[in-house]
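Biologist: Could you pull this one up so we can go through it together? I have a few things I'd like to ask.

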Amino acid sequence: MRLREELPVDHRLAQVYRYGAGLCGVILLVFGCLGFADQLSPFDTEGTSIAGMSTNGVLSLISVVVGLVLIGGAVIGGNVASTLNMTIGTLFVLSGFFHIFVLDRPANVLDFGVTNVIFSFVMGLLIACFGMYGRVSSKLPHDNPYWRRRHAREAARESLAARRRAARSALPSALGQASTSAPVPAITHEQD
């Protein structure tokens with residue numbers, strides 16, 4: 001099974017995944033480009049600030065790469081964008097937890113500050129929510145492709161019942177058209 005088989009190309013959930021990935025990707029890309037514009041050194045930990053967050057050249061590079069990956073996911077759309085959003089969102093949250101423990105230590109090579117940690121948590125949860133929207137829930141509607149995939153037998157029964165209802169409703173109108181378009185033969189009584 002390929003990733004894109006589960007979600008129809010024109011399904012409305014694909015727009016949520018696409019716009020979420022694109023929006024978050026652009027935010028990260030702008031942050032990274034602002035770091036490059038200031039010509040930061042790669043592993044500088046002196047607290048250079050961009051948009052209220054401390055950064056250095058490596059963090060700017062990571063931001064640009066992740067932003068481009070998210071924008072690429074937005075271009076592809078569908079399940080690829082959803083899975084990418086969930087994965088990158090999880091990595092952002094894990095990065096936030098890791099950097100809480102390395103603040104003000106030599107292992108903090110990305111020059112994270114408290115605002116970076118908060119941004120990492122918020123951005124990670126936002127990206128992950130965009131990826132999980134309509135995909136991870138206990139009460140998905142029955143027309144949702146993820147529900148249909150997880151409950152294949154019930155979805156097949158519902159689909160069959162819907163086709164039968166459509167066929168029954170189409171039958172009287174088809175019979176009505178056939179009776180009005182075909183000439184009715186005249187009945188004649190012959191006498192002996």
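What follows is a short round of questions and answers on this model.

Biologist: How many helices and strands does the protein have?

Modeller: Keep in mind that we're looking at a predicted model. Going along the sequence, the pattern reads α-β-β-α-α-α-α-α. That comes to 6 helices and 2 strands.

Biologist: What span does α1 reach from its first C-alpha to its last?

Modeller: α1 has 25 residues. At 1.5 Å a residue you'd expect 36 Å, and the model is close to that. After α1 comes Q39, with a positive phi near 50°. As for the span you asked about, α1 reaches 36 Å.

Biologist: Which helices each supply at least two residues of the largest nonpolar core?

Modeller: That core has 10 residues, including A21, C24, L28 and F92. Those first three, A21, C24 and L28, are also among the buried residues of α1. The helices you're after are α1 (13-37), α2 (57-76), α3 (78-102) and α4 (114-132).

Biologist: And which residues is M123 in contact with, leaving aside its neighbours within four places in sequence?

Modeller: M123 belongs to the largest nonpolar core. Another core, of 8 residues, lies apart from that one, with V58 and L110 among its members. Skipping those sequence neighbours, M123 touches C24, I27 and F92.

Biologist: What share of the protein's accessible surface belongs to carbon and sulfur atoms?

Modeller: Of the 192 residues, 35% count as buried. The accessible surface comes to about 12,200 Å². The carbon and sulfur share of that surface is 65%.

Key:
Residues numbered from 1 in each chain as written. Predicted model: local features only at pLDDT ≥ 70, side-chain atom pairs only at ≥ 80, totals over all residues. Heavy atoms only, no water. Core = buried A, V, L, I, M, F, W, Y, C linked by side-chain atoms within 4.5 Å. Buried < 20%, exposed > 50% of the residue type's maximum accessible area, 1.4 Å probe, protein only. Helix = DSSP H or I, 4+ residues; strand = E, 2+ residues; numbered from the N terminus. Contact = heavy atoms within 4.5 Å. Areas by Shrake-Rupley, 256 points an atom, 1.4 Å probe, with all protein chains shown as cover. Expected span 1.5 Å × (residues − 1).
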